[in-house]
Amino acid sequence: MGHDSHDHKPKGFVNRWLMTTNHKDIGTLYLVFAFAMFITGGAMAMIIRLELFQPGLQFVEPDFFNQMTTMHALIMVFGAVMPAFVGLANWMIPMMIGAPDMALPRMNNWSFWILPFAFALLGSTLFMDGGAPAGGWTMYPPLVLQGGKNVAYLVFAVHLMGISSIMGAINVIATIMNMRAPNVGYLNMPLFVWTWLITAFLLIAVMPVLAGAVTMLLTDRYFGTSFFNAAGGGDPVLFQHIFWFFGHPEVYIMILPSFGVVSEIIPTFARKPLFGYVSMVYATAGIAFLSFIVWAHHMFSVGMPLGGELYFMYATMMIAVPTGVKIFNWVATMWKGAMTFETPMLFSLAFVVLFTIGGFSGVMMALAPVDLQYHDTYFIVAHFHYVLVPGAIFAIIAAAYYWLPKWSGHMYSERLGKIHFWWSTISVNVLFFPQHFLGLAGMPRRIPDYSTQFAEFNMMSSIGGFAFGLAQVFFIYIVVKTVRGGKKAEANAWGDAKGLEWTVPSPAPHHTFDEFGPVDLKKMAHGEVH
Amino acid sequence: MDVNTKKTLKKCLMVVVLMGGFGYALVPLYDVICDITGLNGKTGVANEQILARQVVDETRRVTVQFDGTVNSDLPWSFRPAKFSMEVIPGKMYTAEYIAQNVASKEVIGQAVPSVAPNEASIYFDKTECFCFTQQLLKPGESKNMPVTFIVRSDLPEGIDVLTLSYTFFNRSNMTADEKTQGSDVHEKI
């Protein structure tokens with residue numbers, strides 16, 4: 001198959017998808033894979049909410065329930081959110097900086113195709129004797145080590161996911177540092193590119209630490225080492241320190257690209273340049289730096305000295321400052337803007353409001369003395385779901401609506417998009433808001449049964465959960481319908497959106513920016529034009 | 001692959017390798033920090049220098065409570081002979097635990113000590129302890145296990161009660177090689 005002209009895509013499934021080195025095709029693969037995982041992890045969440053619909057044990061065994069909570073988290077974190085952002089990075093970053101492709105296209109192919117194998121390994125544990133990992137996604141020893149045969153599968157799956165994200169991150173760094181069009185400086189780059197650059201550095205810094213932690217689990221279990229085994233002079237708390245040294249930057253890995261997406265969308269529909277571009281860049285870098293020095297706020301209850309608790313408490317609260325800068329900048333961007341409310345904008349607005357709620361409950365839990373009450377209750381479940389679902393997931397959905405015309409060449413149905421938005425936004429709040437109250441009232445997380453006084457809020461939460469799940473099935477319908485046909489999208493699908501991606505035709509040709517040369521900086525999204 | 005991309009790739013891979021190493025470096029680092037601060041209740045081993053430094057104040061009294069538990073997969077019963085004891089900081093004392101193997105086969109156990117409150121653990125030193133080595137009990141055998149300890153005289157004022165707690169772990173299912181390595185365990189404890 002030769003490339004006779006620029007728009008000739010390789011023919012046949014194997015050539016087009018299995019062997020692809022094209023950033024757009026790999027981006028699509030990532031997004032489709034992430035969506036499949038989102039539905040899989042979502043189905044598990046439905047089982048969890050079904051069991052919690054009423055007190056008592058109705059549908060599943062407690063052990064299977066624990067497998068569901070563990071697998072739901074692992075699949076959503078490593079299978080849905082992270083790959084979805086890598087997919088967006090693949091599609092958009094080269095087009096946003098005037099590059100023909102990613103810097104390391106073959107590695108790009110490899111980093112994607114590892115993922116199905118990683119999740120096949122992880123998923124296969126569901127069908128084993130003893131079932132899937134059930135000790136929670138945080139994999140704390142000694143509990144996780146009692147998990148039967150799945151331990152090795154879990155560890156190797158995490159290794160593969162780690163290798164995949166490290167390769168993806170290196171590719172993003174190499175592309176942004178070396179492939180920008182000659183006149184695009186760092187401070188001309190769109191914020192999505194900036195947030196991804198910083199995310200990629202976080203990834204290469206912390207994924208190896210996670211790989212080390214799970215390797216220690218593996219050797220503790222199978223090779224007689226005693227990293228976390230008290231009988232051999234080890235310490236289980238050590239695992240928590242290593243895990244959260246990875247884990248806290250990890251939560252920013254999942255949210256920084258969302259900040260980038262929202263920073264692209266809000267200026268487009270407010271018809272104003274992004275307020276405080278440079279402060280946005282510094283705030284992102286500040287959040288990334290702080291993420292490395294606050295990890296033990298996940299462990300206030302393990303018994304730290306007072307000095308440690310105070311340090312981690314104040315350091316954690318400091319994160320609210322750069323995050324506040326970002327929230328205020330988005331609001332200032334909209335201030336006196338000629339706003340319209342297309343679906344991507346609606347999801348972005350919901351992101352700003354609902355992510356902030358999640359941020360506030362985060363500040364509450366940063367306070368060590370009160371965290372002792374919130375620890376391991378539904379309050380923390382409500383908190384991280386607020387920042388991850390109407391946070392990260394809403395940003396991904398917003399990005400999908402925003403760039404779908406560029407990817408598919410068709411406009412989605414605005415009416416269906418709006419239905420999807422209201423349906424999701426109302427149900428997500430019905431789903432997660434009552435969990436705050438459950439947590440404050442003392443309902444512990446990761447349990448299949450509960451005391452009857454928690455019944456009403458759990459039922460409410462479950463109803464919201466089923467509605468939210470169904471809304472995402474509706475989203476599949478909207479996306480498939482848009483890809484198959486619909487109103488032709490203009491090159492600049494939103495009329496006057498800024499950004500180099502809007503200077504190429506819709507759908508974006510298989511190859512863009514093939515000739516390396518200067519680009520028109522005035523068309524860049526919102527970087528400073530020096 | 002152009003030269004700059006290659007350079008970036010190399011640098012990134014270096015970061016990955018270094019951070020992988022850092023993950024493992026956290027293991028000794030954690031032990032060092034716990035040793036210095038007494039976090040996790042890790043206790044010390046008394047030596048001549050420490051014993052020579054003690055200034056005994058005969059009027060000061062501190063209560064040491066004793067606690068013993070067995071890890072779930074160890075078929076032993078294990079309890080202190082006496083649940084608490086009044087001690088004078090700076091003086092040496094001996095306390096006893098009683099362990100019995102209730103299984104029908106030989107079992108090797110390893111005890112791991114911990115002192116609460118954490119701040120007190122760095123002032124609690126042992127000269128002799130059953131936790132220094134692995135213990136073998138025959139089926140049904142019962143054994144008195146002594147621990148000789150000193151609460152250092154520089155124990156901060158305000159700490160009046162210390163709890164010494166032992167957890168016994170099963171080490172029988174470990175490989176033969178490791179059974180002989182029991183002695184290196186106590187150095188870390």
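A residue counts as buried when its relative accessible area is under 20%. On that basis, 62% of the 530 residues of chain A are buried in this predicted model. What is left open to solvent on chain A adds up to an accessible surface of about 19200 Å², and carbon and sulfur atoms own 71% of that surface.

As for the fold, chain A is built with 15 helices and zero strands. Its radius of gyration is 23 Å, close to the 24 Å that the globule rule gives for 530 residues, so chain A is as compact as a globular protein of that length. Along the principal axes, the C-alpha atoms fit a box of roughly 65 × 50 × 45 Å. Contacts in chain A tend to link residues well apart in sequence: of those with a separation of 6 or more, 82% are between residues 24 or more positions apart.

Charge is worth a quick look too. Chain A carries 25 positive and 26 negative charges, and the mean positions of the two sets lie 10 Å apart.

Then there is the partner chain. The size of an interface is often given as the accessible area lost when the parts come together. Here, chain A and chain B bury about 2500 Å² between them, with 73% of this area on carbon and sulfur atoms. On the chain A side, the biggest losses of area to chain B fall on A:I170, A:N178 and A:A231, which together make up 19% of what that side buries. Counted by residues, the contact draws 32 from chain A and 29 from chain B.

Notes:
Residues numbered from 1 in each chain as written. Chains lettered and ligands numbered in written order. Predicted model: local features only at pLDDT ≥ 70, side-chain atom pairs only at ≥ 80, totals over all residues. Heavy atoms only, no water. Helix = DSSP H or I, 4+ residues; strand = E, 2+ residues; numbered from the N terminus. Rg over C-alpha atoms; globule rule 2.2 N^0.38 Å. Buried < 20%, exposed > 50% of the residue type's maximum accessible area, 1.4 Å probe, protein only. Contact = heavy atoms within 4.5 Å. Areas by Shrake-Rupley, 256 points an atom, 1.4 Å probe, with all protein chains shown as cover. Lys, Arg positive; Asp, Glu negative; His and termini not counted. Charge placed at Lys NZ, Arg CZ, Asp CG, Glu CD. Buried area = accessible area lost by both parts, 1.4 Å probe.
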